[in-house]
Amino acid sequence: MDSSYSGNDGTSLVNVGHNSATSSSPTSSRYENQKRRDWNTFGQYLKNHRPPLCLSRCSGAHVLEFLRYLDQFGKTKVHTPICPFYGHPNPPAPCPCPLRQAWGSLDALIGRLRAAFEENGGKPEANPFGARAVRLYLREVRDLQSKARGISYEKKKRKRPPPPQQIPSLPLQLPPPPPGAT
């Protein structure tokens, strides 16, 4: 999902996706690397914002602006209600419906940015990535994409380990005593 955007005023923003190769320390996990790249991308977005924004002034509304901005780099076809393929997960022909960021990608992105905000000194109660407006937006995107693509997003149930099985107790049978052991 590597892509870049150049504004009319010469500003640019690079959106680095999870499939890009980067050199990093062997102790960093893939998740940590992605979280760092996402955090840097969001910081670049704030810097290129007109007027530029500092993180302390960032709100849920700015996060929503960022998510809508990212839609232009999306790869998920989201059918509109007037499209003949609305509600079909595998349409048989092309259509002019827009490409968007998939709900799951946005949800994971917000989770990583939420964690990165706090790791970079932000207070949990001031975290713009946890704002109610952001949660509502993600729910709206999930529902809209679910209907448009005919795919329901069921919340995954945690797999619980099966209960320990009771082994039926068998009557204990002792082997016969060896001959002549009386």
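What follows is a short tutorial dialogue on reading a predicted protein model.

Q: Before we start, what should I know about this model and its numbering?
A: It's a predicted model, so to speak of local features we need pLDDT of at least 70, side-chain atom pairs count only at pLDDT 80 or more, and totals for chains, interfaces and linings use all residues. Residues are numbered from 1 along each chain as its sequence is written, and side-chain values use heavy atoms, with hydrogens and water left out.

Q: How many helices and strands are there in the protein, and what pattern do they follow along the sequence?
A: Helices (H or I, at least four residues) and strands (E, at least two) are DSSP runs, numbered from the N terminus. Here you get 4 helices and 4 strands, and reading along the sequence gives β-β-α-α-β-β-α-α.

Q: What share of the residues count as buried?
A: Buried means under 20% relative accessible area, exposed over 50%, and partly exposed in between, with a 1.4 Å probe and protein chains only. By that yardstick, 33% of the 182 residues are buried.

Q: Which residues touch the most other members of the largest nonpolar core?
A: The general idea first: in soluble globular proteins, nonpolar side chains tend to be buried together. A nonpolar core is a set of buried Ala, Val, Leu, Ile, Met, Phe, Trp, Tyr and Cys residues joined through side-chain atoms within 4.5 Å. The largest one here has 25 residues, and those touching the most other members are Phe42, Val63, Phe66, Leu67, Ile110, Leu113 and Phe129. At least two residues of this core come from each of α1 (30-48), α2 (60-70), α3 (103-119) and α4 (132-149), with α3 giving the largest share, 7 residues.

Q: What is Phe42 in contact with, leaving aside its neighbours within four places in sequence?
A: Contact means heavy atoms within 4.5 Å. With those neighbours set aside, Phe42 contacts Leu55, Cys58, Val63, Phe66, Leu113 and Phe129.

Q: At what angle do α1 and α2 pack?
A: Two packed helices are described by the angle between their axes and the distance between the axes. Axes are lines fitted to C-alpha atoms, for helices over the stretch in contact, and angles run from 0 to 180 degrees between N-to-C directions. For α1 and α2 the angle is about 105° and the axes are 11 Å apart. Angles under 35 degrees count as roughly parallel, over 145 as roughly antiparallel, 65 to 115 as roughly perpendicular and the rest as oblique, so α1 and α2 are roughly perpendicular to each other. Where they meet, Thr41, Phe42 and Tyr45 in α1 face His62, Val63, Glu65, Phe66 and Tyr69 in α2.

Q: What is there to see in the loop between α1 and α2?
A: Pro51 is in that loop, and a cis peptide bond joins Arg50 to Pro51, with omega about -10°.

Q: What span should α3 have, and how far apart are its end C-alpha atoms?
A: The expected span of a helix is 1.5 Å times one less than its number of residues. The 17 residues of α3 should span 24 Å, and its end C-alpha atoms are 24 Å apart, which agrees. The buried residues of α3 are Trp103, Leu106, Leu109, Ile110, Arg112, Leu113, Ala116 and Phe117, and they pack against α1, α2 and α4. Just after α3, Gly121 has a positive phi of about 95°.

Q: Arg114 is found in α3 too; what does Arg114 touch?
A: Arg114 counts as partly exposed, at 38% relative accessibility. Not counting residues up to four places away in sequence, Arg114 touches Asn127, Phe129 and Gly130. The C-alpha atoms of Arg114 and Phe129 are separated by 5.2 Å, though the two are 15 residues apart along the chain.

Q: What covers the buried residues of α4?
A: The cover includes α2, β4 (99-100) and α3. The residues of α4 that are buried are Val134, Tyr137, Leu138, Val141, Gln145, Ser146 and Ala148. Just after α4, Gly150 takes a positive phi of about 70°.

Q: How many disulfides does a search of the whole structure find?
A: A disulfide is a pair of cysteine sulfur atoms within 2.5 Å, and the search finds 0. Cys95 is in none, with the nearest cysteine sulfur, that of Cys97, 3.7 Å away. Cys97 is in none either; its nearest cysteine sulfur, that of Cys83, is 3.6 Å away.
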